[in-house]
Amino acid sequence: MNYSEIFHFMRPELTLIVTIALLFLFDLFAPERLRRYFHPLACVLLTVQILVNIVPTPDSGQLFGDMYQYEPMQSIVKSMLAIGTLIVFLQSNEWLRREDTAHKRGEFYLLTLSTLLGMYFMISVGNFLMFFLGMELASIPMACLIAFDKYRHNSAEAGAKYILCALFSSGLMLYGISFIYGTAGTLY
């Protein structure tokens, strides 16, 4: 495995990480007068990420000891998830312009894109451990999004219930993965 294979097969994940990093830096360092351009910037960056990755590479391969597998169909599924996330971004603009949520705009976009990154990893798994890591990377930011309006009773209650359900299901899944590892001697 060389670095060109990593950049070739993990192109959707790497471009999404660059998108998350650029939005984080803009949220961190942008002056207040430029904050109104956060929504168009997030939509443009996600659109560029979709356009870069919408055409899959024709070959398939494995990385990291077969923990990460790439098939061309996975790139199409990842593009469909990214298009769905773009639709969520477009629909959330009015909600994020409200006075009580305007200061949390950057958090919303970063948490949503982090959830998308976890879903990308779950699509490309070749190993139960990688699936668990992708699921946790998708579910933890989702729990933060559920409890996004922390001063509303319904949002905080839903976030707590989601965390408890995720905790029990993750524990049960880890128990099942350890059972598979104990009986088969492998996580594949």
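These are my notebook entries on helix α3, the salt bridges and a nonpolar patch in a predicted model.

**Ground rules.** I number residues from 1 along each chain as its sequence is written, and side-chain values use heavy atoms, with hydrogens and water left out. Since the model is predicted, local features need pLDDT of at least 70 and side-chain atom pairs count only at pLDDT 80 or more, while totals for chains, interfaces and linings use all residues.

**Helix α3.** I looked up α3 and found it at residues 38–53; helices here are DSSP runs (H or I, at least four residues), numbered from the N terminus. I checked its length against the expected span, which is 1.5 Å times one less than the number of residues. For 16 residues that gives 22 Å, and the end C-alpha atoms are 23 Å apart, which agrees.

I then listed the buried residues of α3 (buried is under 20% relative accessible area, exposed over 50%, partly exposed in between; 1.4 Å probe, protein chains only). They are Phe 38, His 39, Ala 42, Cys 43, Leu 45, Leu 46, Gln 49, Ile 50 and Asn 53. They cover an arc of only 165° around the axis, so they lie on the same side of α3; the arc is taken from the directions from the helix axis to the C-beta atoms. I found them packed against α2, α4 (72–91), α5 (93–96) and α6 (105–123), with contact meaning heavy atoms within 4.5 Å.

**Salt bridges.** I counted four in the structure, each a side-chain nitrogen of Lys or Arg within 4 Å of a carboxyl oxygen of Asp or Glu. I noted three pairs, as follows.

- Lys 78 pairs with Glu 13, with the closest N and O atoms 2.6 Å apart. The pair joins helix α4 to helix α2 across 65 residues of chain. Lys 78 is buried at 1%, and Glu 13 is buried at 0%.
- Glu 94 meets Arg 97 at 3.8 Å, N to O. Glu 94 is exposed at 56%, and Arg 97 is exposed at 53%.
- Glu 157 pairs with Lys 161 at 3.0 Å between the closest N and O atoms. Both are in helix α8 (residues 153–184), four residues and so about one helical turn apart. Glu 157 is partly exposed at 33%.

**Nonpolar patch.** I found Phe 24, Leu 25, Leu 28 and Phe 29 forming a nonpolar surface patch of about 440 Å². Nonpolar patches join Val, Leu, Ile, Met, Phe, Trp or Tyr side chains within 5 Å, from residues with over 30% relative accessible area and no salt bridge. Phe 29 is in helix α2 (residues 11–29) and is exposed at 61%.

Notes. Patches are made of residues with over 30% relative accessible area and no salt bridge: like charges are joined within 9 Å, nonpolar side chains (Val, Leu, Ile, Met, Phe, Trp, Tyr) within 5 Å. Accessible areas come from the Shrake-Rupley method with a 1.4 Å probe; for residues, only the protein chains shown count as cover. Helices (H or I, at least four residues) and strands (E, at least two) are DSSP runs, numbered from the N terminus.
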